[in-house]
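User: Please take a close look at one part of this model for me. I would like to follow a single sheet, strand by strand.

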Amino acid sequence: MSVLQKIAEIENEMAKTQKNKATNYHLGLLKAKLARLKAQLIEGGAKSGGKGESDGFDVSKTGDARIGLIGFPSVGKSTFLNKITGTFSEVADYEFTTLTCVPGVFQYKGAKLQLLDLPGIIEGAKDGKGRGKQVIAVARTCGLILVILDCMKSLVHKQIVERELEGFGIRLNKKPPNITFTKRDKGGIVISNSVPLTNIDDQIIKSICHEYRIHNATFGIWCDATVDDIIDVIEGNRVYIPCIYVLNKIDQITIEELDILARIPHHVPISAHHEWNFDELIEKIWQYLDLIRVYTKPKGQIPDYSAPVILPNAHRRVEDFCRRIHKQLLVDFKYAMVWGKSVKHNPQKVGKDHVLYDEDVVQVVKK
């Protein structure tokens, strides 16, 4: 029996099994088996994939952030890329117009943002249908995913796209579970939790470990974890990416229909053809990328507001700022003078561990 057949068999069994406390253990074991088989499928595809399979997908990273456009064929991804970046990506009324990864760049608030128009995803992409594996593999490298949806089919396509991305280890608009997992040489499976676990128990966790052939490990759990959380932590290759659902072609629906679609979380309605609501979408892209701008100030000169240094909000210390400019700057670093919201006095002398805020001005003083 092939891996795909085993996956289909387990998925059928899960669909037939009622969800209740009595079946939690059985379902948890099935989920672990399913995740392990999918991991084998992905790894097998990566090893057997020839050079030709990746043609057109090896796009070098440029700019300050990478954004991937994901969606079914003919939802308007290419039109959106063309309008927002001025890059040509072929547009037509038939499906699968885009067959490779088409990059484009646009600027916002001084940041250069790379946009990737990926070929239309289809159901079963995670299992290798179409060029789904290459599409989703590129999506894993993005700092933000825009799921482009046709307003007429949004909910149907949304669920399928989410399922395909989930199957490839991409978690949309989620944070990593607050769980530590460490393999050991001996001692069995040791589990400690600081909160009550309502979804799983020690027996389920141990059965999942047994499925992965893990006999000695420690778990530290600081959240009300689920079976999926435990599997994700053991797999260790999950990526957590913010996502905006772009509801395209709003020029083809009524106001009442648009009000219904407004209930979808993390959404922005647009018309790529008419360029409607692009301003709101671009501003939301900036918010979800969670970037900050830091301006440089050479000694004795005014700050350079034309070319900010763009930093992720999670890495915004003076050390990160220096490393972004040039690694040698850290070697010669003595201290920095900072103007802005991150300091009490303007200017203020700070060290390399100082945390910067958006639109701060920094002058680095060398040894």
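Analyst: Start with a term. Two strands count as paired if DSSP finds at least two bridges between them. Strands of a sheet pair through backbone hydrogen bonds, either parallel or antiparallel. Keep in mind that this model is predicted.

Now the sheet itself. It is open and has 5 strands. Their order is β13-β12-β16-β14-β15. The pairing is mixed. Two strands sit at the edges: β13, residues 304-312, and β15, residues 348-350. Each of these pairs on one side only. On average, neighbouring strands are turned by 40° against each other, direction ignored.

Next, go through some of the pairs. Strand β12 covers residues 291-296, and β16 covers residues 360-366. These two run parallel, with 3 bridges between them. Thr296 has Val362 of β16 as its bridge partner.

Strand β16 also pairs with β14. Here the strands run antiparallel, and 6 bridges join them. Find Met337: its bridge partner in β16 is Gln363.

Stay with Met337. It also stands opposite Lys349 in β15. Strands β14 and β15 are antiparallel as well, joined by 3 bridges.

Finally, add the helix. Helix α10 spans residues 318-325. It lies across β12, β13, β14, β15 and β16. Relative to β13, α10 runs at about 115°.

To trace this yourself, begin at Met337 and look towards Gln363 in β16. Then return to Met337 and look towards Lys349 in β15.

Methods:
Residues numbered from 1 in each chain as written. Predicted model: local features only at pLDDT ≥ 70, side-chain atom pairs only at ≥ 80, totals over all residues. Heavy atoms only, no water. Helix = DSSP H or I, 4+ residues; strand = E, 2+ residues; numbered from the N terminus. Axes fitted to C-alpha atoms, helices over the stretch in contact; angles between N-to-C directions. Contact = heavy atoms within 4.5 Å.
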